[in-house]
Amino acid sequence: MSFKIERGLFKYDFIDHHAILCVPVDADVKEIRKRYLKIARHLHPDSCAAASNAEKQLASDLLSKLVNPAYEKLSQEKNRTEYMIVLSQMGKRLVQESASLELNTDVAKQLTATPNVENAYKIAIAKIAETQYNSLQQAVQIIGLISELNLVYLMRSAGKSIAAPPPVAQAKPNTGTPQTANKAAAPPPPPAPPKEDSAVVQQYIRRSQELIAKNQLASAEVELRDALKLQPNNSHCHSLIGMVYLRQNRTTMAKVHFDRALQLDPNDETALAGKRKIEQISGQKPGSAKSTTTSTTTAKQPDKSEGGGLFGGLFGGKKK
């Protein structure tokens, strides 16, 4: 299913990712991620409360075709920087075309004349976010409404830079003792990952395992890639996607993810089984891989005789 939106910024052949996630156009990455996780829990097939299969399919389409791409664009620094530059340029263009703008919603029309546009805009966005995806059939219309608000806000804030990242604090000259200087220069500890990530990642993993069992490897790869966007250091995700690549005969990519999984967890059984399988496939090739595995040949023989061991059990069934 494709979604056609013809209101707000979408009228200018521009995909309004902020409207899809219902976050202000100046939202930071932390706010964007928090909002994405909330929407993902609501729309994901494993947690969606939709009554009918048609609604569940619609929720899945909204997540995969609108919400996930929006989060990917706004969460990755390079993509987000380029996107925000275009957004700022669009604000200047809207000022020049303000006399010919056509707004369809009362709330957007009111925002054009509101004295405190910053406050009114953010209150409106927060209010809409509470119920944005409650009615799946109206989700596209609501995204269009939000995009109209974004359009008006950009037009009225064209003189304000919304693309610039927050300034980095400059270190003060060292006028104290060496101990004081070292203490001031020490970087802050990295923030702990939000707990919301774990629940969503587990949903992606469960879904991928179901798809792997059905031999739907391309779909399983998508699920695991989404999981790795949230938790790039999840060894289980790396080992599973490595197995998917191996099943697709993409051994180079498989080895990359197996190696990464074992860096994170040297005892990851799925990654160990996958590595053994790759060694069996490339066993006739010259190189260090063959020589380093000679002493463990006896230990690896059961994988051949047992019909796959962990590898076979993971995918199940016959290859198609």
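Which exposed residues does helix 4 carry on the face turned away from its buried side? The legends below take up this point and others in a predicted model.

**Figure 1. Helix 4 (residues 77–96) and its two faces.** The exposed residues on the face of helix 4 turned away from its buried side are Lys78, Lys92 and Gln96. The helix has 20 residues, and the distance from its first C-alpha to its last is 29 Å, close to the 28 Å expected at 1.5 Å a residue. Buried in helix 4 are Arg80, Tyr83, Met84, Leu87, Ser88, Met90, Gly91 and Leu94. Seen down the helix axis, these buried residues fall within an arc of 160°, so they line one face of helix 4. Their packing partners are helix 1 (17–21), helix 2, helix 3 (53–75) and helix 7.

**Figure 2. Helix 6 (residues 117–129) and the residues it buries.** At 1.5 Å a residue, the 13 residues of helix 6 should span 18 Å, and the end C-alpha atoms are indeed 18 Å apart, in agreement with that expectation. Val117, Tyr121, Ala124, Ile125, Ile128 and Ala129 are the buried residues of helix 6. Because they cover an arc of only 130° around the axis, they are placed on the same side of helix 6. From this buried set, packing contacts are made with helix 2 (29–43), helix 5 (106–111) and helix 7 (139–156). On the face turned away from the buried side, helix 6 carries the exposed residues Ile123 and Lys127.

**Figure 3. The salt bridge between Lys122 and Asp26.** The side chains of these two residues meet at 3.1 Å, N to O. The pair links distant parts of the chain, with Lys122 in helix 6 and Asp26 in the loop between helix 1 and helix 2, 96 residues apart. Lys122 is partly exposed, with a relative accessible area of 32%, and Asp26 likewise counts as partly exposed, at 26% relative accessibility. Asp26 and Lys122 also belong, together with Glu118, to a network of salt bridges.

**Figure 4. Two further salt bridges, Lys4 with Glu6 and Glu210 with Arg207.** In the bridge between Lys4 and Glu6 the closest N and O atoms are 3.2 Å apart, and both residues are exposed. In the bridge between Glu210 and Arg207 the closest N and O atoms are 3.9 Å apart. Both Glu210 and Arg207 lie in helix 9 (residues 195–213), where they are 3 residues apart, about one turn of the helix. Glu210 is partly exposed, with a relative accessible area of 40%, while Arg207 counts as partly exposed at 25% relative accessibility. The count of salt bridges in the structure comes to 11.

**Figure 5. His44 and its surroundings in the loop between helix 2 and helix 3.** Although His44 lies in a loop, this residue is buried, with a relative accessible area of 1%. Leaving aside neighbours within four places in sequence, the contacts of His44 are with Leu63, Gln203, Tyr204, Arg207 and Glu223. One of these residues, Arg207, is also the partner of Glu210 in a salt bridge.

**Figure 6. Two buried cysteines, Cys22 and Cys237.** Cys22 is buried, with a relative accessible area of 3%, and Cys237 is buried with a relative accessible area of 0%. A disulfide is a covalent bond between the sulfur atoms of two cysteines. The structure holds 0 disulfides.

**Figure 7. Confidence along the chain, with an average pLDDT of 78.** Of the residues, 75% score at least 70. Among the elements of the chain, helix 1 has the highest mean pLDDT, at 96, and helix 15 (residues 297–305) the lowest, at 40. Over residues 190–196 the pLDDT stays under 50, and the model has 3 contacts beyond four places in sequence for this stretch. Over residues 284–320 the pLDDT also stays under 50, here with 34 contacts beyond four places in sequence. Where pLDDT is low, the predicted coordinates should not be read in detail.

Definitions and conventions
Residues numbered from 1 in each chain as written. Predicted model: local features only at pLDDT ≥ 70, side-chain atom pairs only at ≥ 80, totals over all residues. Heavy atoms only, no water. Helix = DSSP H or I, 4+ residues; strand = E, 2+ residues; numbered from the N terminus. Expected span 1.5 Å × (residues − 1). Buried < 20%, exposed > 50% of the residue type's maximum accessible area, 1.4 Å probe, protein only. Arc of directions from axis to C-beta. Contact = heavy atoms within 4.5 Å. pLDDT = per-residue confidence, 0-100. Salt bridge = Lys/Arg side-chain N within 4 Å of Asp/Glu carboxyl O. Disulfide = S-S within 2.5 Å.
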